[in-house]
Amino acid sequence: MTVDPLADVPAGGARATTRARMIEAAERLFAEYGVEAVSLRMVGAAAGQRNNSVAQYHFGSKEGLIAAIIAARSPTVDARRQELADELRRADRPLLPEDLIRLLVVPLAETIGASGTGTCYLRFLANVMDHPTFVRDAESTGTDQPALRWMRRELRALLPGQSAATFRRRSQWAALIAFRILAEQERQLAAGDDGAEPTEQVVGELVATLVALMTAPVGNGTLPPR
């Protein structure tokens, strides 16, 4: 397993850098309230800073702060995905769609602690995924992640009957569903919801759902009559 780059940085205290504290505070606020409801001044105050302009000084804008959070958190997820991809490459058996879909889901799910306490990265992602900064970052970095590029290539090879447009559309849907479902799991565990299912079960059902989405026959594009 890889190590969270901020795992050893406490939320407060002299050892935590101002920048790291603001990244943690912003991730939590964006996860709870959404992007539009949170100002840079709120982030600075939540990080214990009395200077109202400190967040703007460090990140320039809200967009810069979002990008900084993603840059701080995503390497852990990307490295874990690479580990799993390498394991699949070494496996002496044909790949299945389920194997490849798990590359998308499992590294994200592993960011959720056993109780959800202290984790909010997935809720952050769910709230910012429609923001232009997130979309731009995903588009610019997606092809630079070897494990994701390999996953898409191998999955595409298993679905030769799909057009490129269908595969691209369904891949986008799969990512949207994965983010939303895992964010809700994170929220339920963090809230101590007694009805929350074990994360392992959620992962299993989510993978099965996404496999069904990716491999389903292509519809005829017409709606049933009313």
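1. Before anything else, a term to know: pLDDT is the predictor's confidence in each residue, on a scale from 0 to 100. You will want it here, since this is a predicted model. The protein averages a pLDDT of 85, and 82% of the residues score at least 70.

2. Confidence varies along the chain, so please look at it piece by piece. Among the elements, helix H10 (residues 199-215) has the highest mean pLDDT, 97, while helix H7 (residues 132-141) has the lowest, 54. Over residues 1-15 the pLDDT is below 50, although this stretch still has 27 contacts in the model beyond near neighbours in sequence. Residues 139-143 also fall below 50, and there the corresponding contacts number 5.

3. Now for the overall plan. The protein has 10 helices and 0 strands, giving the pattern α-α-α-α-α-α-α-α-α-α when read along the sequence. Of its 226 residues, 43% count as buried. The protein exposes about 12400 Å², and carbon and sulfur atoms supply 54% of that area. Among contacts between residues at least 6 apart in sequence, 71% join residues at least 24 apart.

4. Helix H1 is a nice place to practise a check by hand. How far apart should the ends of its 16 residues (18-33) be, at 1.5 Å a residue? The expected span is 22 Å, and the end C-alpha atoms are indeed 22 Å apart, so the two values agree. Just after H1, Gly34 takes a positive phi of about 90°.

5. Next, ask what surrounds H1. Its buried residues include Ala20, Met22, Ile23, Leu29 and Phe30, and also the residues Arg21, Glu24 and Glu27. The cover over the buried residues of H1 includes helix H2 (40-46), helix H3 (54-59), helix H4 (62-90) and helix H6 (121-128).

6. Phe30 deserves a closer look. The largest nonpolar core holds 64 residues, and Phe30, Phe124 and Leu210 touch the most other members. Helix H4 gives this core its largest share, 10 residues. Setting aside residues up to four places away in sequence, Phe30 touches Val35, Val38, Lys62, Leu65, Ile66, Ile69, Phe124 and Asn127.

7. One of those partners, Leu65, lies in helix H4. Is Leu65 buried or exposed? Leu65 counts as buried because its relative accessibility is 0%, and the cut-off for buried is under 20%. Beyond its neighbours within four places in sequence, Leu65 is in contact with Met22, Ala26, Phe30, Leu40, Val43 and Phe59. The C-alpha atoms of Leu65 and Ile23 are 7.3 Å apart, with their positions 42 residues apart along the chain.

8. For a contrast, try Ser39, in the loop between H1 and H2. Ser39 counts as partly exposed because its relative accessibility is 31%, which falls between the limits of 20% and 50%. The C-alpha atoms of Ser39 and Ala26 are separated by 9.2 Å, and these residues are 13 apart along the chain.

9. Finally, visit Gln185 in helix H9 (residues 164-190). With a relative accessible area of 4%, Gln185 is buried. Which side chain makes a polar contact with the side chain of Gln185? That partner is Thr199, at 3.1 Å. Not counting residues up to four places away in sequence, Gln185 touches Ile112, Glu197, Pro198, Thr199 and Val202.

Terms used. Residues are numbered from 1 along each chain as its sequence is written. This is a predicted model: local features need pLDDT of at least 70, side-chain atom pairs count only at pLDDT 80 or more; totals for chains, interfaces and linings use all residues. Side-chain values use heavy atoms; hydrogens and water are left out. Helices (H or I, at least four residues) and strands (E, at least two) are DSSP runs, numbered from the N terminus. The expected span of a helix is 1.5 Å times one less than its number of residues. Buried means under 20% relative accessible area, exposed over 50%, partly exposed in between (1.4 Å probe, protein chains only). Contact means heavy atoms within 4.5 Å. A nonpolar core is a set of buried Ala, Val, Leu, Ile, Met, Phe, Trp, Tyr and Cys residues joined through side-chain atoms within 4.5 Å. Accessible areas come from the Shrake-Rupley method with a 1.4 Å probe; for residues, only the protein chains shown count as cover. A polar contact is a pair of N or O atoms within 3.5 Å; within protein, one must be able to donate a hydrogen and the other to accept it, and residues adjacent in sequence count only if both atoms are side-chain atoms.
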